[in-house]
Amino acid sequence: MFCAFTVLSALVATLLFWSAQPAYDNAWLRFGQVALFAVLSTWVVTGFTTALMGFWVMLRGDAHSISGQAVRDDTLAEDVRTAVIMPICNEDVATVFAGLRATCESLAGTGHAAQFDVFVLSDTADADVAAAEKAAWAKLREDLANQPGQPQVEVYYRLRKRRTQRKAGNVADFCRRWGRDYRYMVVLDADSVMSGDCIVTLAKLMEAHPTAGIIQTATQAVGHDTLHARAQQFASRVTGRLFTLGMQFWQLGASHYWGHNAILRIEPFMRHCGLAPLRGRGGLAGHILSHDFVEAALMRRAGYEVWLVSDLSGSYEQQPPDLLSELQRDRRWCQGNLQNFRLIAEPGIDRVHRMMFGVGAMSYVAAPLWLAFMTLGTSLWLAGAHIADDWQRVPGELIALWAWTLCMLLLPRVLGVVAVFLRGEQARFGGARALAGSALLETTLAMLMAPVRMLAHSMFVAGALTGIRLDWKSPPREATGLGWEDAATRLAPLSALVATLGLGVAVIDTGALVSLLPVAVPLLLATPLAVLTSHVRLGERMRLQGWMLIPEEARSPAVLRRARHHALRATRGLRVA
C-alpha cells in the first residue's frame with residue numbers, strides 16, 4: 001500500500017506536469033525536466049506518506065509493532081548478561097565521560113547493575129587524548145564505587161592498537177574477545193546518553209521477543225544551545241517523530257538500525273553480520289562506512305527481526321552544533337549510503353531493506369537531481385519559453401503542481417504541530433503561541449539552509465562517485481562558535497559559484513534571474529547564516545525567551561540533568577587545572 005500510494009500519486013502528478021508544459025523549442029530539455037520531475041515527485045511523496053503514517057500512529061497507535069510498555073512489569077532473569085559498549089575515537093573526553101557517568105548512575109539505580117557491564121572501546125591515536133581517557137575512566141570507576149547505597153556498575157576501558165574498519169571493526173573486535181560472555185549488547189555513540197530504565201527495558205524486550213535480533217530506540221536530539229542545534233532538536237521532536245513512527249508503521253520487523261542507542265542479540269550478530277570490503281576501486285569500494293544499515297539487513301536475512309520501538313523514553317543523542325559540523329557528518333553519511341546502494345541486489349535481502357538502501361542513497365542523490373531540475377528550468381527559459389513574462393498564461397495545472405509539491409514538502413511540519421495540539425502537549429513546548437512561532441522560525445531556518453545543503457550534498461555525491469578521498473572525522477561534541485574566516489573559507493566558494501551563475505544568466509536574460517532567487521539569496525547569505533546560528537549566546541537567549549523549547553528542556557529528565565551537571569564540573573576542573 002505504501003508503494004502503491006507513492007507511485008500512483010507521483011504518476012498522476014507527472015502526467016499533469018507533462019500536459020501542462022508549454023511548447024518548448026528543445027524537446028530533449030523538456031523530456032529531461034519531466035523525467036526529473038517524475039523521480040523527484042516520487043521522492044517527495046515517499047517522505048509525505050511516511051509522515052502521514054506517523055501522524056496516524058501518533059493519534060491511533062500501532063497494534064502490529066512491539067512496545068516497551070508491554071514489558072515494563074516483566075522480571076529480568078539474573079543470568080541475562082548485557083554489555084553496554086561505547087566506541088570512541090579522539091573525542092572530547094570531558095563530555096563523553098560526563099554522559100557515560102550519568103548513564104551508569106541511572107543504570108545502577110534500576111537495581112540491575114550486576115547484569116550489565118560497560119565497556120569504553122577506544123580507537124584514539126593521539127597519546128595525550130588516550131591518557132586523558134584513561135584518567136577519566138579511572139575517575140569514573142572511583143566515583144561509581146563511592147556512590148552510597150548503590151551497587152557498582154563495572155566499567156572497563158580498552159585502547160585498541162590495531163585500528164581497522166573504524167567503529168564496525170571496533171565492535172567486531174569486542175565481539176570476538178568478549179561477546180560469548182554476554183547475551184546482548186547495547187551500542188552507544190560517544191554523544192549518547194541513555195537512562196537505566198530504557199536500557200533494562202530493551203533487555204526485557206529482547207527476552208520477550210526471541211526472534212528479535214536488533215531493537216532500535218527512537219533517539220531524541222538534545223544537548224547543544226546553539227540556534228542551529230536548537231532548530232534541529234526542535235524539528236526532531238515535532239516533525240521527526242512523525243517520520244520515526246511512520247517508518248515503524250511500514251517497516252515492522254525489517255526496520256532501521258542506526259548504529260547506536262540500540263540493543264543487539266550478540267550470537268546471531270557475530271555469526272551473520274560480519275562485513276567484507278566492497279570490491280573495486282574508488283569512493284564506493286572498500287570498507288563499508290554506513291555499516292549499521294547493512295548489519296540490519298544481514299540480521300533480517302538470517303531470520304531475525306529488526307524493530308524500531310518508539311515508545312521508549314530515555315534515549316538521547318547530540319546534534320552537530322553548527323552547519324559546517326552537520327555538513328561534515330553528512331559527507332561521510334552520503335558516501336556510506338551510496339556504498340550501500342551497491343548491495344540492493346544482494347541475494348536474500350528483505351525487500352524492505354532493499355527499499356531502505358534505495359531511500360538512503362536517494363536522500364543524497366536528490367540534491368543534485370533538484371539542482372539539475374532547476375538548471376533545466378532556467379535553460380528552458382533561456383531557450384525561448386518565457387512562461388513567466390505573463391503569469392496569466394501559466395497553465396493552472398502547472399501552478400497547482402508547484403503548490404502540490406510545496407505542500408508535500410511542508411505538510412509534515414504542519415502535521416507535527418497539529419499532532420502536538422491534538423494530544424494536548426503544547427504546554428510542554430512552552431505553550432500554543434510559542435509552539436506555533438517556533439515551528440515558523442524552524443521552517444524559515446530550514447528553507448534558508450536548504451540551498452546550502454543541496455549544493456553541498458551535490459558536491460558530496462560527485463566526490464563519492466569520482467573517488468575523492470574521504471577523511472573520517474567525528475563532528476565536534478562541544479559548541480565553540482564558528483569564526484568568520486573559517487565559515488567564509490568553507491562556504492564562500494558556494495556563494496561565489498551562484499554569483500557567477502547569476503551573472504552569466506543576467507547577461508543572457510535578466511528576467512530569468514527570478515527563477516534563481518530562492519536558491520541564490522540563501523547561498524549568498526550562507527556565511528553569516530552559519531556564523532550567527534553557531535554561537536551559544538544567541539541560542540541561550542532564544543531558549544530563555546521560549547523559542548524552540550522541547551519537553552526535555554521544560555522538564556529535564558534526571559539522566560540529562562546528571563550528564564549536564566557532570567559536564568559542567570569537568571569543565572570547571574579543566575579550567576582550574
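**Cores, a sheet and charged pairs**

Colleague: Which residues does Leu523 touch, leaving out those up to four places away in sequence?

Modeller: This is a predicted model, where local features need pLDDT of at least 70 and side-chain atom pairs count only at pLDDT 80 or more, while totals for chains, interfaces and linings use all residues. Residues are numbered from 1 along each chain as its sequence is written, and side-chain values use heavy atoms, with hydrogens and water left out. A contact here is heavy atoms within 4.5 Å. On that basis, Leu523 touches Pro451, Val452, Leu455, Leu494, Ser495 and Val498.

Colleague: Which helix gives the most to the largest nonpolar core?

Modeller: A nonpolar core is a set of buried Ala, Val, Leu, Ile, Met, Phe, Trp, Tyr and Cys residues joined through side-chain atoms within 4.5 Å; buried means under 20% relative accessible area, exposed over 50%, and partly exposed in between (1.4 Å probe, protein chains only). The largest one here has 47 residues, and Leu523 and Val452 are among those with the most contacts inside it. Helices (H or I, at least four residues) and strands (E, at least two) are DSSP runs numbered from the N terminus. With 11 residues in this core, the top contributor is helix 13 (residues 432–466).

Colleague: What is the strand order in the open sheet of seven strands?

Modeller: Strands count as paired if DSSP finds at least two bridges between them. Strand 1 (residues 82–88) and strand 2 (residues 116–122) run parallel with seven bridges, and Ile85 sits opposite Phe119 in strand 2. The sheet has mixed pairing, and its order is 3-2-1-4-8-6-9.

Colleague: Gln251 is polar, so is it buried or exposed?

Modeller: Gln251 is found in helix 7 (residues 227–251). Its side chain makes polar contacts (N or O pairs within 3.5 Å, one able to donate a hydrogen and the other to accept it; residues adjacent in sequence count only if both atoms are side-chain atoms) with the side chains of Ser255 at 2.9 Å and His256 at 3.1 Å. With a relative accessible area of 3%, Gln251 is buried.

Colleague: How many residues apart in sequence are the parts tied together by Arg562 and Glu105?

Modeller: A salt bridge is a side-chain nitrogen of Lys or Arg within 4 Å of a carboxyl oxygen of Asp or Glu. Glu105 is buried at 8%, whereas Arg562 is partly exposed at 35%. Their closest N and O atoms are 3.2 Å apart, forming a salt bridge. Arg562 lies in helix 19 (residues 558–576) and Glu105 in helix 3, so the separation of the parts they tie together is 457 residues.
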